[in-house]
Number of protein chains: 2
Amino acid sequence: MTTVRVAMTGFGNVGNQVAELIDRRREHFATHFGVEVLVTGVCGSTTGLIDPSRISPERLQHKAAFEPGLTGSAFMEQVNADVLVEAGPSDYSTGQPGLDYITSAINRGLHVIAVSKGALVVEGPTLLQSAREKGVQLLMSGASASALPTIDFLTYDLAGTHIKRIEAVLTGTTTFILDTMVSRNASFDEALAEAQQLGIAEPEPSFDVDGWDTAAKVVIIANAVFGVPLAISSLARESLRSLTAEQLGSWKADGLTPRLVGYVNQDEGQVEAGVGIRLYSAEHPFSLTRGSTKALYAETMDLGEFTLLGGASNPRATAAAALKDFHHILTSSE
Amino acid sequence: MTTVRVAMTGFGNVGNQVAELIDRRREHFATHFGVEVLVTGVCGSTTGLIDPSRISPERLQHKAAFEPGLTGSAFMEQVNADVLVEAGPSDYSTGQPGLDYITSAINRGLHVIAVSKGALVVEGPTLLQSAREKGVQLLMSGASASALPTIDFLTYDLAGTHIKRIEAVLTGTTTFILDTMVSRNASFDEALAEAQQLGIAEPEPSFDVDGWDTAAKVVIIANAVFGVPLAISSLARESLRSLTAEQLGSWKADGLTPRLVGYVNQDEGQVEAGVGIRLYSAEHPFSLTRGSTKALYAETMDLGEFTLLGGASNPRATAAAALKDFHHILTSSE
C-alpha cells in the first residue's frame with residue numbers, strides 16, 4: 001500500500017479538525033484509494049513535532065511534547081511529506097507565514113492545501129504558476145468561502161462553458177449588520193455595536209464592513225477560476241459605513257434586500273472585479289441569505305444561470321473543505 | 001498533437017448542438033489540452049456517416065448524404081472513436097437503443113457521455129461497473145437534470161463528506177401545473193389541460209405528473225452518487241393527480257409552496273429513495289423555483305447544507321452539459 005504523508009503548518013482549531021478528520025477516514029482512504037495516510041509533522045508558530053512513522057490525533061493534543069524552534073524553514077527542511085496543509089494565520093500585506101510554507105512545499109514537490117488566505121491574496125497567481133510548473137496541485141477550498149464550494153463549482157461543475165459573471169455573498173458579518181439595520185431601523189454604528197457585542201464583528205471592523213474580507217475572497221476565487229492576476233488593492237470597494245437607516249428603510253419598502261457582494265465580470269478576456277452593495281428582490285435567492293450563509297451566483301454562456309447557497313461556517317466545515325481537497329489529490333493521483 | 005475522435009449515436013437537436021459546440025471549441029482543445037478533436041462518426045436510427053478524417057458541422061446537415069443502414073452494431077463495428085456521445089431516444093423499459101450503443105462502446109474501450117436516460121435507468125449500475133473494469137469513464141451530466149450539475153456537485157464539490165440526504169426538483173412540468181393550480185384556483189385537470197395547450201405537458205402526461213420522469217432522474221443520480229443499485233420500480237412515488245384546488249389553497253394560505261421532488265436518504269449504508277410532494281416555506285430556496293427551474297438540496301455531515309438552483313432547460317444547455325463531461329474526460333486523460 002502506498003503511503004501518503006501529510007504535514008500541517010499552523011495548528012489551531014481548523015488544523016486540529018483536519019487531523020481528526022484524516023484519522024477518522026484512514027480506513028476509507030485504504031479501502032477506496034489503496035493508500036495509508038499518515039500525519040508526519042505538525043508545527044505552530046514556535047514549536048513543532050515530526051515523526052515519520054505517524055502522529056496520532058492524541059499526541060497532537062500534548063503541545064508540551066512539541067519541540068521548541070521546530071517551525072518555519074527548520075520544520076520544512078526536516079519533515080518528510082507528500083502533502084502540506086497550511087492553516088496558519090493570514091496576513092494580507094505580507095502573505096506570511098503561509099507564503100514561505102507554501103512556496104517551500106511547492107518547490108519540494110508537495111501538493112498544497114491552503115486554508116489560510118494571506119499567501120493566496122498576496123501571491124496567488126505566482127503560486128499557482130509555480131505549482132503548475134512543478135506538477136503539483138495547489139487547492140484552496142477552505143480559503144475561499146468556508147464550506148461553500150465556489151472554486152470547485154465554477155471550474156469543475158461549469159467546465160467548458162464561458163462564465164460571463166459571478167456575484168457572491170462571502171462575508172456573514174455584513175449580512176448581519178445590514179439585516180439589523182433593517183429590522184431595528186438602526187444606524188450603521190448601532191448595528192455594528194450590536195454585532196460586536198455578540199462577537200460577530202471584530203473590535204476593529206474594517207476588514208469586514210469596508211469589504212476587505214469579501215475582496216480577499218474574490219481575489220482568491222478570480223485568480224483560481226479566471227486565471228487573471230488580480231491585486232486586492234485594484235478592486236473597486238464599497239463600505240457599509242455610508243449607509244443610513246433611511247436608505248435601508250426605503251429599500252425594504254420596495255421589497256429589496258441589500259447585500260455586500262463580491263463580483264467578477266468577464267467579457268472578451270477582460271476581467272473586472274470588485275465589492276459592492278447590491279439590492280435583491282424577493283424572487284432572487286440572495287434575498288434568502290441570513291447570518292453566515294454564503295451564496296454564489298454565476299451566469300454562463302450556454303448552461304444558463306445558477307445560484308448556490310449554504311455551507312456551514314465553522315472550523316469543522318472549513319476542515320472538511322480542506323479534506324475534500326485532499327480527496328481530489330488522492331483521486332487525481334490514482 | 002494527440003487526436004481524440006468522437007462518435008455520436010442518436011443525432012437530433014441535442015446531437016447537433018454537441019457537434020456545433022465541439023467544433024466551436026476545437027482551437028480551445030488544441031491550446032489547453034494539446035489535442036485535436038474530430039467527429040468521426042454519426043448515426044441516427046436508420047442512417048449514419050463515418051469519416052475517419054473529420055466530419056464538419058456543415059456535412060452533418062446533409063442527411064441525404066448519410067448511408068442507409070449505417071446504424072446500430074454496423075455503425076459501432078466500423079467507427080473509429082475514443083469517445084461516444086449517446087443522445088438517442090430514451091426507452092425506460094428496455095433501455096434501447098442507447099443500451100446497446102453504450103455497452104458496445106465500453107467493451108471497445110471508449111469513454112461514454114450519456115445524454116439519453118433509458119440505458120442508465122435500466123442498467124446504470126451494470127454499465128458503471130463495466131466502465132470501471134474497462135478503465136473508461138461513463139459520464140451523464142446531460143442525463144440527470146439538463147444543465148443543473150447534480151452529479152458533479154454531489155461527487156466532486158462535496159467529495160469526502162457523508163451526504164445524509166438530497167432532495168431535488170427535477171421536472172419542470174409538475175412545477176408549472178402546481179403553480180397554475182395555486183394561481184388560478186384550478187383543478188388538476190384544468191391545470192394539466194393548460195400545460196398541454198402550451199406544449200409544456202405531453203398529451204400522455206403520466207411520465208411527468210405521476211413522477212416517472214423525476215424517478216428516472218433520481219435513479220440515475222443515486223446510482224452515480226451513492227453507488228447503490230436502485231430500480232425505478234422500487235421507488236415510492238406520489239402523483240399530482242390526487243391533489244385538489246382546496247388543498248393547494250390551504251397550503252398557499254399557510255405560505256407553503258408545493259413541489260414534486262425526488263429524494264434520497266442515506267443512513268448507515270441504507271439508501272431510501274422516492275418521489276413525493278413536499279411543502280416549502282418562503283424561507284426555503286425551493287419556493288423560488290418557477291417553470292423549468294431545477295433545484296437540488298443536499299444535507300451533509302460536516303460541510304452543512306446546500307441548495308443549488310438554476311440551469312437552462314433547452315437542447316443547447318443539455319449539449320453544453322455533455323461538453324462539460326467531454327472536458328472532464330480530456331482533463332483526466334492529461
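## Two chains, one shared sheet

Strand 3 (residues 47-50) of chain B pairs with strand 4 of chain B in the antiparallel sense, over two bridges. In this pair, B:G48 stands opposite B:E67 of strand 4. The model is a predicted one.

**The seven-stranded sheet of chain B**

Strands 3 and 4 belong to an open sheet of seven strands in chain B. The order is 4-3-2-1-5-6-7, and the pairing is mixed. Which strands stand at the edges? They are strand 4 (67-68) and strand 7 (138-139) of chain B. Each of these two pairs on one side only.

A helix lies across this part of chain B. Helix 5 (residues 98-107) crosses strand 1 (2-9), strand 2 (35-43), strand 5 (83-86), strand 6 (111-114) and strand 7 of chain B. Helix 5 runs at about 170° to strand 5 of chain B.

**The sheet that spans both chains**

Another open sheet has 12 strands, taken from chain A and chain B. Its order is 9(A)-11(A)-10(A)-8(A)-12(A)-13(A)-13(B)-12(B)-8(B)-10(B)-11(B)-9(B), with mixed pairing. Why is one side of each edge strand left without a neighbour in the sheet? Strand 9 (236-237) of chain A and strand 9 (236-237) of chain B each have a single partner strand, so one side of each stays free of a neighbour.

Where do the chains join in this sheet? Strand 13 of chain A (residues 305-310) pairs with strand 13 of chain B. Within chain B, strand 8 pairs with strand 10. The table sets these two pairs beside the one from the seven-stranded sheet.

| Strand pair | Sense | Bridges | Facing residues |
|---|---|---|---|
| Strand 13 of chain A and strand 13 of chain B | antiparallel | five bridges | A:G310 opposite B:F306 |
| Strand 8 (163-169) and strand 10 (257-267) of chain B | antiparallel | four bridges | B:E167 with B:Y263 |
| Strand 3 (47-50) and strand 4 of chain B | antiparallel | two bridges | B:G48 opposite B:E67 |

Helix 7 of chain B lies across strands from both chains: strand 13 of chain A, plus strand 8, strand 12 (294-300) and strand 13 of chain B. Its angle to strand 12 of chain B is about 20°.

**The interface**

The contact takes 39 residues from chain B and 40 residues from chain A. About 3000 Å² is buried between the chains. Carbon and sulfur atoms give 61% of that area.

Charged and polar groups meet here too. How many salt bridges link chain B and chain A? The count is four salt bridges. One of them joins the side chains of B:R316 and A:D302, at 3.5 Å from N to O. There are also 15 residue pairs in polar contact across the interface.

On the side of chain B that touches chain A, four elements give two or more residues: helix 1 (13-24), helix 7 (150-157), strand 13 (305-310) and helix 13 (315-333). Helix 13 gives the most, with eight residues. By class, this side has 20 nonpolar, 10 polar and nine charged residues.

**Unusual backbone points**

Most residues other than glycine have a negative phi, and most peptide bonds are trans. Some places in this model depart from that pattern. A cis peptide bond joins A:Q96 and A:P97, with omega about 0°. A:P97 lies in the loop between strand 5 (83-86) and helix 5 (98-107) of chain A. In chain B, B:Q96 and B:P97 are joined by a cis peptide bond, with omega about 0°. B:P97 is in the loop between strand 5 and helix 5 of chain B.

A:S146 is not a glycine, yet its phi is positive, about 50°. A:S146 is found in the loop between strand 7 (138-139) and helix 7 (150-157) of chain A.

Conventions:
Residues numbered from 1 in each chain as written. Chains lettered and ligands numbered in written order. Predicted model: local features only at pLDDT ≥ 70, side-chain atom pairs only at ≥ 80, totals over all residues. Heavy atoms only, no water. Contact = heavy atoms within 4.5 Å. Buried area = accessible area lost by both parts, 1.4 Å probe. Polar contact = N/O pair within 3.5 Å; in protein donor to acceptor, adjacent residues only side chain to side chain. Nonpolar A, V, L, I, M, F, W, Y, C, P; charged D, E, K, R; others polar. Pairing = 2+ DSSP bridges. Axes fitted to C-alpha atoms, helices over the stretch in contact; angles between N-to-C directions.
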